[in-house]
Amino acid sequence: MATKLDKSLIYCILIVKNESIKIISFSGPDAVSTKKAGDLVRDVSKVLGGSGGGRDTFGQGGGKDLSKIKDALLAIEKSILGER
């Protein structure tokens, strides 16, 4: 049975593989006014020494600085909350 996606949620996934970090983000249509997925990925990728971007609802990117994962998680929280 398929379930409806909550249109007001923001998802961000960090995947560590082969000495690099992939970032994938999704912002529901009602959540893009809070944070666009591409902007979130761009913010987090910078922390990890990489780059990324995307559209309002979907973004992807990555980085290579594995020592900055905790900083990246904090950056996700701050970016969504609008803090610097």
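Two strands count as paired if DSSP finds at least two bridges between them. Helices (H or I, at least four residues) and strands (E, at least two) are DSSP runs, numbered from the N terminus.

The model is predicted: local features need pLDDT of at least 70 and side-chain atom pairs count only at pLDDT 80 or more, while totals for chains, interfaces and linings use all residues. Residues are numbered from 1 along each chain as its sequence is written, and side-chain values use heavy atoms, with hydrogens and water left out.

**Exercise 1. State how β3 and β4 pair, and describe the link between them.**

Step 1. The pairing of β3 with β4 is antiparallel and has 4 bridges.
Step 2. Within it, glycine 52 has glycine 61 of β4 as its bridge partner.
Step 3. The two strands, β3 and β4, form a hairpin, with 3 residues between them.

**Exercise 2. Follow β2 to its partners β1 and β4.**

Step 1. β2 (residues 20–27) is joined to β1 by 8 bridges, and these strands run antiparallel.
Step 2. Two bridge pairs can be located here: lysine 17 stands opposite serine 20 in β2, and leucine 14 is partnered by isoleucine 23 of β2.
Step 3. The hairpin of β1 and β2 has 2 residues between the strands, and asparagine 18 takes a positive phi near 50° in this hairpin.
Step 4. β2 is also joined to β4 (residues 58–63), by 6 bridges and again antiparallel. Lysine 22 stands opposite glycine 62 in β4.

**Exercise 3. Assemble the sheet and give its strand order.**

Step 1. The 4 strands form an open sheet in the order β1-β2-β4-β3, with antiparallel pairing.
Step 2. β1 (10–17) and β3 (51–54) are the edge strands, each pairing on one side only.
Step 3. From one strand to the next, the twist averages 10°. Angles run from 0 to 180 degrees between N-to-C directions, and axes are lines fitted to C-alpha atoms, for helices over the stretch in contact.

**Exercise 4. Place helix α2 against the sheet, and list what isoleucine 76 touches.**

Step 1. Helix α2 (residues 69–81) lies across β1 and β2, at about 165° to β1.
Step 2. Contact means heavy atoms within 4.5 Å. Leaving aside residues up to four places away in sequence, isoleucine 76 touches Cys12, Leu14, Leu40 and Val44.

**Exercise 5. Find the largest nonpolar core and the elements that supply it.**

Step 1. A nonpolar core is a set of buried Ala, Val, Leu, Ile, Met, Phe, Trp, Tyr and Cys residues joined through side-chain atoms within 4.5 Å. Buried means under 20% relative accessible area, exposed over 50%, and partly exposed in between (1.4 Å probe, protein chains only).
Step 2. The largest such core has 8 residues: Ile21, Ile23, Leu40, Val41, Val44, Leu48, Ala72 and Ile76.
Step 3. β2, α1 (37–47) and α2 each give two or more residues to this core. The largest share, 3 residues, comes from α1.

**Exercise 6. Describe the protein as a whole, from its elements to its dimensions.**

Step 1. The protein has 2 helices and 4 strands. Starting at the N terminus, the elements run β-β-α-β-β-α.
Step 2. The radius of gyration is 13 Å, close to the 12 Å of the globule rule for 84 residues, so the protein is as compact as a globular protein of that length. This radius is taken over C-alpha atoms, and the rule is 2.2 Å times the number of residues to the power 0.38.
Step 3. The C-alpha trace spans about 35 × 35 × 20 Å along its principal axes.
Step 4. Of the 84 residues, 27% are buried.
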